[in-house]
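I opened my notebook to keep a record of what I looked up in this structure. Each entry takes one topic, and I write down what I read there before turning to the next.

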Amino acid sequence: MPAKVIFVEANSPAERGGIMPGDILVKVDSKEPQDILDYQLMTSKPSFDFTLRRGGEMILVSLNKAEEEPVGLTFESSVFDSLKTCNNRCLFCFIDQLPKGVRKSLLLKDDDFRHSFLYGNFITLTNLKEKDIDRIIEQRLSPLYVSIHSLNTKVRKALIRPKGEDLAVFHLKRLTTAKIELHIQIVLCPQINDEGELKETIKGLRSLGSVASIGIVPVGLTGHREGLEPLRPVEKKEASKLINQVFMWQEEELKTIGKRRIYLADEFYLLAQRDLPSFEEYEDFDQLENGIGLARLFLNSLKEELFEEKPDLKGVKAAILTAELAYPVMAEAARILSKRGVLLEVLAVKNTFFGGGVNVTGLLTGWDIIEALEKTKGEGPFLLPDIVINPNGLLLDDMTLEELKERSRREIVLVSHTAEGFIDDLKKLKSGR
């Protein structure tokens, strides 16, 4: 995975030095950068030399730049050596539950601490070496996002089934001692790491000073678990009981550290048919990308945008496609929008591609959407949240938006998953753009 240049900013030091897209960075001065983090440190000086490979030729480029001025290069990847992947065999690994024939990129088990720091990806700490921990501490790569699941050695072994020795808890304590800020994820598996085991894990994590947040998410089970260990989903009563327990922990945390710190994924509240916490209860929304607080943020932002901007949306009529789990959230959004004259039908799409208990919008596929559209008499236009499309313009079954439109023979409009963007898209519908 070489450091391949894909873009050179105009009038930048890189352009002035003659660097071109397609060049491969080999060295900065005499050192080979392993990743974008190394590169940023090495190029923080006012002058340095690049050794580049252009075709079959090695060239030397000397660069000078002002303090704080960016070099002006964009690379194909943030990792220049090999990506650190997961060697565990977790009972609940979602990748192991994917249907046959999915594209190879979905099968990548990313466990790279650099992606954790750069993008908020959760890592296990089980595949780290001492030199990795040393580098994290030395370069202050903070915060990191860590999946820990349990502090009990026996329970952890049963859950994650590491290939070698499990040093994750040891690494965890070393990182917190060094005051590296951590955001913890616990995947809750009924009858394995819940109830008393969860209480002990939470107790241990609460004692670690640099744990900034603890997010609890329910185990996700597809319909493709042939040959895998039996697991069952969280049930409604269990979700409700856990909500009560977490509320008590939050109250204790507020008294001791002034922050709730422990949060539940939106799925627990939707499963238990309980009200979502208030906007204030999510505090800094530390684990938004983990599905924690996403629904509340969307609904509150929608109300604020409508109140502050007062957009003219009267007469807009459409149907929005969403997953079964998000139906109550989008139904509430439709109710809010109705006060501004918007008639928004909510159409829940059943996920048959993954099956099992998978029912989140981001995992909808083209064929499931087509099947749902065939069963509705709605005229549309049908609004599709942009989170179902990857940066390459593909749904999870490799269908493009244009193919989806053609095969469904319906008017489908891609809309933003953020409240502000969604309202802008409704304005465009109103104006006919």
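The entries below go through a sheet, a pair of helices and a few backbone details of a model that is predicted.

**Entry on the sheet.** I began with the strands, and I found an open sheet of 5 strands whose order is β6-β7-β8-β9-β10, with parallel pairing. I then looked up the edges, and these are β6 (122–123) and β10 (262–264), each of which pairs on one side only. Following β6 inward, I noted that 2 bridges join β6 to β7 and that these strands run parallel. I also searched for the bridge partner of I123, and in β7 that partner is V146.

**Entry on a helix over the sheet.** Next I asked which strands helix α6 lies across. Helix α6, residues 168–177, lies across β7, β8 (182–188) and β9 (211–218), and I recorded that α6 runs at about 150° to β8.

**Entry on two helices.** I turned to helix α10 (residues 294–309) and helix α14 (residues 419–431), whose axes come within 8 Å and cross at roughly 50°. Because of that crossing angle, α10 counts as oblique to α14. I noted as well that α10 passes α14 in a right-handed crossing. When I listed the residues that make the contact, I wrote down F298, S301, L302, E305 and L306 from α10, and A419, E420, F422 and I423 from α14. Sorting the residues of this contact between α10 and α14 by class, I have 6 nonpolar, 1 polar and 2 charged.

**Entry on a cis peptide bond.** I looked along the backbone and stopped at S142 and P143, which are joined by a cis peptide bond with an omega of about 10°. To place P143, I checked the neighbouring elements, and P143 is found in the loop between α4 (130–138) and β7 (144–147).

**Entry on positive phi.** I then took up N11, a residue other than glycine, and its phi is positive, near 60°. N11 is found in the loop between β1 (3–8) and α1 (13–16). Is N11 buried or exposed? I have it as exposed, because its relative accessible area is 63%, and the cut-off for exposed is over 50%.

My last look was at E283, which has a positive phi of about 55° although it is not a glycine. E283 lies in the loop between α9 (266–272) and α10. With a relative accessible area of 21%, E283 is partly exposed, since buried would require a value under 20%.

Note on methods: Residues are numbered from 1 along each chain as its sequence is written. This is a predicted model: local features need pLDDT of at least 70, side-chain atom pairs count only at pLDDT 80 or more; totals for chains, interfaces and linings use all residues. Side-chain values use heavy atoms; hydrogens and water are left out. Axes are lines fitted to C-alpha atoms, for helices over the stretch in contact, and angles run from 0 to 180 degrees between N-to-C directions. Helices (H or I, at least four residues) and strands (E, at least two) are DSSP runs, numbered from the N terminus. Angles under 35 degrees count as roughly parallel, over 145 as roughly antiparallel, 65 to 115 as roughly perpendicular and the rest as oblique. A crossing is left-handed if the near helix is turned anticlockwise from the far one by less than a right angle, and right-handed if clockwise. Contact means heavy atoms within 4.5 Å. Ala, Val, Leu, Ile, Met, Phe, Trp, Tyr, Cys and Pro count as nonpolar, Asp, Glu, Lys and Arg as charged, and the others, Gly among them, as polar. Buried means under 20% relative accessible area, exposed over 50%, partly exposed in between (1.4 Å probe, protein chains only). Two strands pair if DSSP finds at least two bridges between them.
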